[in-house]
Amino acid sequence: MILVIISERRTLWMVRGFIILMLASAISGKLQLQLLNFVLEKLVIGCAVAMAVALQSEFRRFLEQLGRGEFRQLFQPSRLAVPKSDSVIDEIVEAVKELSKNRIGALLILETSGPIDERDFSVPGVKLNAEVSKELIQTIFQPKTLLHDGATLIRGSRIVASGIILPLSGRTASRQLGTRHRAAMGITERVENCICVVVSEETGSISLAERGTLNRPLTITKLKESLEARFSPTVDREAVAPGLLSLGRRIRSQALALVSRLLGLPSTASRDKK
């Protein structure tokens with residue numbers, strides 16, 4: 001139930017696989033297939049331990065929401081991505097391109113659905129509330145500025161704050177990854193509604209972090225395609241809305257059929273025939 005409440009696609013697939021293993025173990029026990037039942041029981045135990053390790057960030061977020069009293073958010077479906085205009089994406093991509101070319105380290109946090117709670121940051125940073133522009137992003141991360149060491153939060157078409165200190169990921173990472181990469185992994189582990197763009201100071205390589213996973217290295221073209229796909233104003237709505245509508249209609253028709261059977265009333269199909 002906790003894993004279903006967390007409601008992430010990766011989590012749901014793991015739950016389905018775990019349930020299939022449990023059913024196979026129960027069936028093998030009923031059929032008295034002792035060797036197969038022994039192997040499946042050990043697999044179930046091993047998978048339970050592996051899920052607890054792999055989903056520790058999801059469990060931590062679940063417990064944090066319980067501690068904050070955010071009970072409604074636990075049962076709310078994940079919100080659609082907030083679309084960003086092509087000009088905003090272009091400004092971000094151009095800024096990252098110049099920073100990568102000059103090997104200037106950078107860390108950008110892009111909100112995907114709702115606003116991020118400042119309590120998820122170690123240090124909230126300095127408020128800016130400025131329009132997104134490649135010149136401003138490049139200026140913020142210049143080595144001699146006071147805000148270059150922290151992260152910059154982008155909400156919609158505005159730069160909300162800079163100099164934000166993020167929690168580091170507890171996962172063991174490659175030695176090639178610096179503090180910025182671990183911070184990007186850490187905030188995306190804790191917060192579901194954001195992604196991070198990282199520029200390495202040593203190599204100039206570009207990375208994209210989402211849900212604790214780091215995708216690297218990326219070319220400028222690949223970064224732009226990823227951002228456009230993530231913040232497209234139509235893809236998510238077209239993919240989600242028809243599914244929800246059809247699911248609602250199906251549940252309503254099945255509920256009406258069940259009620260009519262219980263009350264002994266003629267079904268809607270028989271009424272249409274009459």
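A nonpolar surface patch here is built from residues with over 30% relative accessible area and no salt bridge, with nonpolar side chains joined within 5 Å. Keep that handy, and remember that this is a predicted model.

**Exercise 1. Find the nonpolar patch on the surface and say where L36 sits in it.**

Step 1: pick out the members. I19, L23, I27, L31, L33 and L36 make up the patch, and together they show about 570 Å² of accessible area.

Step 2: look for the main contributor. That's helix α2 (residues 9-30), which gives three residues, the most of any.

Step 3: zoom in on L36. You'll find L36 in helix α3 (residues 34-54). Its relative accessible area is 44%, so L36 counts as partly exposed, a label that covers the range between under 20% (buried) and over 50% (exposed).

**Exercise 2. Check the length of helix α8 and work out how covered it is.**

Step 1: get the expected span. Helix α8 (residues 179-190) has twelve residues, and at 1.5 Å a residue it should span 16 Å. The multiplier is one less than the number of residues.

Step 2: compare with the model. The end C-alpha atoms of α8 are 16 Å apart, which agrees.

Step 3: count the cover. Ten of the twelve residues in α8 are buried, so the helix is mostly covered, given that buried means under 20% relative accessible area.

Step 4: name them. The buried set is R180, H181, A183, A184, M185, G186, I187, T188, E189 and R190.

**Exercise 3. Take apart the largest nonpolar core.**

Step 1: find the hubs. This core has 26 residues, and I92, L108, L110, I137 and L227 touch the most other members.

Step 2: list the elements behind it. Those giving two or more residues are α6 (86-101), β1 (106-111), α7 (134-140), β5 (194-199), β6 (206-210) and α9 (220-230). Helix α6 comes top, with seven residues.

Step 3: follow one hub. Skip the neighbours within four places in sequence, and L108 is in contact with I92, V96, I137, F141, T152, I154, I195, C196 and V197.

Step 4: don't stop there. A separate second core has 21 residues, including A161, M185, V191 and C196.

**Exercise 4. Sum up the whole chain.**

Step 1: count the elements. There are eleven helices and seven strands.

Step 2: look at burial. Of the 274 residues in the chain, 37% are buried.

Step 3: check the surface. It comes to about 16,700 Å² accessible, with 59% belonging to carbon and sulfur atoms.

Step 4: see how far contacts reach. Among those between residues at least 6 apart in sequence, 64% join residues at least 24 apart.

Key
Residues are numbered from 1 along each chain as its sequence is written. This is a predicted model: local features need pLDDT of at least 70, side-chain atom pairs count only at pLDDT 80 or more; totals for chains, interfaces and linings use all residues. Side-chain values use heavy atoms; hydrogens and water are left out. A nonpolar core is a set of buried Ala, Val, Leu, Ile, Met, Phe, Trp, Tyr and Cys residues joined through side-chain atoms within 4.5 Å. Buried means under 20% relative accessible area, exposed over 50%, partly exposed in between (1.4 Å probe, protein chains only). Helices (H or I, at least four residues) and strands (E, at least two) are DSSP runs, numbered from the N terminus. Contact means heavy atoms within 4.5 Å. Patches are made of residues with over 30% relative accessible area and no salt bridge: like charges are joined within 9 Å, nonpolar side chains (Val, Leu, Ile, Met, Phe, Trp, Tyr) within 5 Å. Accessible areas come from the Shrake-Rupley method with a 1.4 Å probe; for residues, only the protein chains shown count as cover. A salt bridge is a side-chain nitrogen of Lys or Arg within 4 Å of a carboxyl oxygen of Asp or Glu.
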